[in-house]
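Subject: Handover of a structure and notes on it

Dear colleague,

Please find below the sequence and the structure that I am handing over to you. My notes on what was found follow directly after them.

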Amino acid sequence: MAAATGVVMSIPEASAATGGVTGYATQNGGTTGGAGGQTVRATTGTAIHTALCGRASSSTPIIIQVEGTINHGNTTKVSGGSCNTAADVIELKEISNVTIIGVGGGAIFDQLGIHIRDASNIIIQNVTVRNVKKSGSPLSNGGDAIGMESTVRNVWVDHVNLEASGGEAEGFDGLFDMKNNTQYVTLSYSVLRNSGRGGLVGSSESDLTNGFITYHHNLYENIDSRTPLLRGGVAHIYNNHYVSLNESGINSRAGARAKVDNNYFKNSKDVLGTFYTDAAGYWQASGNILDNVTWSSPGTDTNPAGPGMPSNTTVSIPYSYTLDGASCVPSIVSQTAGANKGLQVSNGNCSPTTPTTAPTTPAPNPTTASPAPTTPAPTTPSGTNLSIGAGADGSSKASGTSYGNVLDANMSTYWSPTGTTGSISVKWGSATTVSRINIREASGATGRIGSWRVINHDTGAVLTSGTGAGVITFAQTSLKKITFEITSASAAPQVAEFETYAA
């Protein structure tokens, strides 16, 4: 079996919670995706395209359950009367009434973007899209993790991870972009991180046909700018957690109007205003918390809203919604946002809950789209755990914990860093071939680990990166020391076992 880069986690079988749609995606007739249609299973990009092309028409409802890693090697063009696909991108073009949802061990779109064009009534849930490039290699979707353009209506993107590994200089573009007449979109309970650009609404000062976008309960972390950039139109931005916005945040310009409610901004710069243009935008702000936020001085092309963020317009919202208090936004977003979190949402009182609206239940034995799926990596690797008898070290450890606790085959002992980030390593006296590790969190601390990197300590090369504990696979590598580096966590992580395997 070929190794699949990424993390495999055992999560409950998810289903498309069509009744849970929120925000502007509820308007203009609502967003139901593939509700009522056939349910199929896909483990390759080609299988996703095959499912779209196998429908009776381009508007026949369909729910596509995705599991495994979707990449360039398994995503080809498929032809048919109900689709218009392309290789090296998941193409939702000239179609409607589609749900794509990650299930089982999770769905990772690795260096492969999702392109929505001339389409309507689309739901994307519970997936990770990472490291999509517009320059360098491999290329996909103009560098956007999810990109929408050319008469797109009613899209709900929910509980997803959108990630990059740098900005334009490193070959990446936006994580969540809308342009050329895209309207009635909601992005909810999602994580956007490690990118130069969070996302835009409108590609230029003359592209003003976009709008009616809702962003709520999302985490934006380590983003340079565009969280989002708005050109014209209306956006509702509430209960989001912004951490390390390095250059600017919500950039309302060219007549755009943003309602900005009960967000939490931390360790950031110029989190709201009009930037890099003299074409003014507007905002109505209330209930936001600014935690270590700095502001630029006003200039000809800079009009920051701070430090008090007074409103300069009013924005009417046509749908009902409940605001969590801004003080609890970091906690509730940490518990609910992102893929593989069980699709939990806030109950409006800062506590996570499973949506009460009944989801669309998949068929008991879903049809598998051709070609046949490959077998996913097991949640518990087989073979010999190479960590037993090896050595361990790492960054500073919390009091009462030990590096050796990750090698003792005892789940009741663990290593923990002094804070929420740190690294733990396994090392051998001679070169050892490794292609899979299993990070097992201690009882009572499961789900704390956020983003991570696996590093060949001998060379400094990053073997893979992702989010969440569990089984992680990568290309076979011969090394003397391998490091698991935790770069974010919801609380102090506790690694009970760092298992390593040859295959």
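I begin with one helix and what surrounds it. In this predicted model, the cover over the buried residues of helix α1 includes four strands: β2 (38–42), β3 (62–70), β4 (90–93) and β5 (96–110). The helix itself spans residues 45–53, and eight of its nine residues are buried, so α1 is largely enclosed by the rest of the structure. The buried residues are G45, T46, A47, I48, H49, A51, L52 and C53. You may wish to find these in the display and then look for the strands named above.

The chain as a whole

The secondary structure of the protein chain comprises two helices and 36 strands. How does the radius of gyration of the protein chain agree with that of a compact globule? A compact globule of 503 residues would have a radius of gyration near 23 Å, and the protein chain has 22 Å, so the two agree. Along the principal axes, the C-alpha atoms fill a box of roughly 65 × 55 × 45 Å.

Of the 503 residues, 57% are buried. Among contacts with a separation of 6 or more, 72% are between residues 24 or more positions apart. The accessible surface of the protein chain is about 17700 Å², and carbon and sulfur atoms account for 47% of that surface. As for charge, there are 28 positive and 33 negative side chains, and the centres of these two sets lie 2 Å apart.

Three residues to look at closely

The first is V157, which belongs to strand β10 (residues 152–158). Is V157 buried or exposed? Its relative accessible area is 0%, and a residue counts as buried when that value is under 20%, so V157 is buried. Leaving aside neighbours within four places in sequence, V157 is in contact with I124, I146, F176, T186, L187, S188 and S190. By contrast, W295 stands 138 residues from V157 along the chain, and the C-alpha atoms of the pair are separated by 31 Å.

The second is T302, in strand β27 (residues 302–304). T302 has a relative accessible area of 18% and is therefore buried. Its side chain forms a polar contact of 3.3 Å with the side chain of D301. Apart from residues up to four places away in sequence, T302 touches T274, F275, T277, S296 and S297.

The third is N141, found in the loop between β8 (127–130) and β9 (146–149). Although N141 is in a loop, this residue counts as buried, at 15% relative accessibility. A polar atom of the N141 side chain lies 3.2 Å from the backbone oxygen of I114. When residues up to four places away in sequence are not counted, N141 touches V89, G113, I114, H115, V132, I146 and G147. I146 is thus named among the contacts of N141 and also among those of V157.

Backbone geometry in the loops

Most residues other than glycine have a negative phi, and most peptide bonds are trans. The following places depart from that pattern.

Two peptide bonds that lead into a proline are cis. One runs from S137 to P138, with omega near -5°, and P138 is placed in the loop between β8 and β9. The other runs from T227 to P228, with omega near 0°, and P228 lies in the loop between β17 (219–225) and β18 (229–231).

Which residues other than glycine have a positive phi? S150 is one of them, with phi near 65°. S150 is located in the loop between β9 and β10, and at 12% relative accessibility it counts as buried. R226 is another, with phi near 60°. R226 is in the loop between β17 and β18, and at 17% relative accessibility R226 also counts as buried.

The two loops with cis bonds connect to residues already described. The loop between β8 and β9 holds P138 as well as N141, while the loop between β17 and β18 holds P228 as well as R226.

With kind regards

Note on methods
Residues numbered from 1 in each chain as written. Predicted model: local features only at pLDDT ≥ 70, side-chain atom pairs only at ≥ 80, totals over all residues. Heavy atoms only, no water. Rg over C-alpha atoms; globule rule 2.2 N^0.38 Å. Buried < 20%, exposed > 50% of the residue type's maximum accessible area, 1.4 Å probe, protein only. Contact = heavy atoms within 4.5 Å. Areas by Shrake-Rupley, 256 points an atom, 1.4 Å probe, with all protein chains shown as cover. Lys, Arg positive; Asp, Glu negative; His and termini not counted. Charge placed at Lys NZ, Arg CZ, Asp CG, Glu CD. Polar contact = N/O pair within 3.5 Å; in protein donor to acceptor, adjacent residues only side chain to side chain.
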